[in-house]
Amino acid sequence: MIGSGAPQWINSLMDTLGAPGAGIAIALENLFPPLPSEVILPLAGFAASTGRMSLIAALLWTTAGSVTGALALYGLGALLGRERTVAMAARLPLVKVSDIERTEAWFERHGTKAVFFGRMIPVFRSLISVPAGVERMPLPVFLGLTTLGSALWNTVFVLAGYALGENWQDVTGYVSAYSKVILVGAALVVLLFVGRRLLRPGVGRRRG
């Protein structure tokens, strides 16, 4: 067994497949954000420190897994397209088409930075691929930014696990704190948006 304290399926993948198993686990993490990248990446680094896989292979395969998962979500966004996305979002409470149009305008201006830096933000790192697909960001640009951002994020955590060895789980504490700060910030933004909608004059009043 590669290490304790990790979900059994992650251990099994890495024990059986080595570095490709780590890549598969990271690809799944991109598609299902609740899966713990802060466990998978340091664990891959620890596995490399024990000789079960090479460090270079761990870095290459986890980055390939990140790009594969992101590409699948990009394809989902492209498949949905703008019209379907707008139609679905417009049905959500407190959301207006004008809000969606402003978001599109923001993505046109800052999409490249959002895709690159988004790869380093928990949860958002997966979700950012969908609007990139909806807006049909040029695929070479998307792949380049996603590969670079993912490589940086993955390298930090794989190397941390490699350096810590059997104490690889120490990494999860730092990432957990970082994730909580990000999620609290996102929650505050949502609350601010909802508050502005509810407090806007005329909202919530019955029509005469």
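Contact here means heavy atoms within 4.5 Å. By this criterion, helices H1 and H2 meet through a defined set of residues in the predicted model. From H1 come Trp9, Leu13, Met14 and Leu17. From H2 come Ala19, Pro20, Gly21, Ala22, Ile24, Ala25 and Leu28. Ten of the residues in this contact are nonpolar, one is polar and none is charged. H1 covers residues 8–17, and H2 covers residues 19–31. Their axes lie 6 Å apart. The angle at which the two helices pack is about 145 degrees.

The chain as a whole is built from helices. Its secondary structure comes to nine helices and zero strands. Read from the N terminus, the order is α-α-α-α-α-α-α-α-α. The chain has 208 residues, and buried residues make up 40% of them. Among contacts with a separation of 6 or more, 73% join residues 24 or more positions apart.

Helix H3 spans residues 37–49. Its length was checked against expectation. With 13 residues at 1.5 Å a residue, H3 should span 18 Å. The C-alpha atoms at its ends are 18 Å apart, so the model agrees with the expected value. Burial was examined next. Eleven of the 13 residues of H3 are buried, and H3 is therefore largely enclosed by the rest of the structure. The buried set consists of Ser37, Val39, Ile40, Leu41, Pro42, Leu43, Ala44, Gly45, Phe46, Ala47 and Ala48. After H3 comes Gly51, which has a positive phi, near 90 degrees.

The structure holds one salt bridge. Its partners are the side chains of Arg52 and Asp15, with an N to O distance of 3.8 Å. This pair links distant parts of the chain, 37 residues apart. Arg52 sits in the loop between H3 and helix H4 (55–90), whereas Asp15 belongs to helix H1. Side chains of opposite charge can pair when their charged atoms come close. Both partners are open to solvent in part. Arg52 has a relative accessible area of 47%, so Arg52 counts as partly exposed. Asp15 is also partly exposed, at 31%.

Two residues of helix H8 were examined individually. The helix covers residues 139–164 and includes Ser150. Thr146 lies in H8 as well. An α-helix has 3.6 residues a turn, so residues three or four places apart point the same way. Ser150 has a relative accessible area of 0% and is therefore buried, since buried means under 20%. Thr146 is buried too, with a relative accessible area of 1%.

The surroundings of these two residues were then listed, leaving aside neighbours within four places in sequence. Ser150 is in contact with Thr63, Ser66 and Arg119. Thr146 is in contact with Val67, Ala70, Val115 and Arg119. Arg119 thus appears in both lists. The side chains of Arg119 and Ser150 are joined by a polar contact of 3.1 Å. Thr146 has a polar partner within the backbone: a polar atom of its side chain lies 2.8 Å from the backbone oxygen of Phe142.

Terms used:
Residues are numbered from 1 along each chain as its sequence is written. This is a predicted model: local features need pLDDT of at least 70, side-chain atom pairs count only at pLDDT 80 or more; totals for chains, interfaces and linings use all residues. Side-chain values use heavy atoms; hydrogens and water are left out. Helices (H or I, at least four residues) and strands (E, at least two) are DSSP runs, numbered from the N terminus. Buried means under 20% relative accessible area, exposed over 50%, partly exposed in between (1.4 Å probe, protein chains only). A polar contact is a pair of N or O atoms within 3.5 Å; within protein, one must be able to donate a hydrogen and the other to accept it, and residues adjacent in sequence count only if both atoms are side-chain atoms. The expected span of a helix is 1.5 Å times one less than its number of residues. Axes are lines fitted to C-alpha atoms, for helices over the stretch in contact, and angles run from 0 to 180 degrees between N-to-C directions. Ala, Val, Leu, Ile, Met, Phe, Trp, Tyr, Cys and Pro count as nonpolar, Asp, Glu, Lys and Arg as charged, and the others, Gly among them, as polar. A salt bridge is a side-chain nitrogen of Lys or Arg within 4 Å of a carboxyl oxygen of Asp or Glu.
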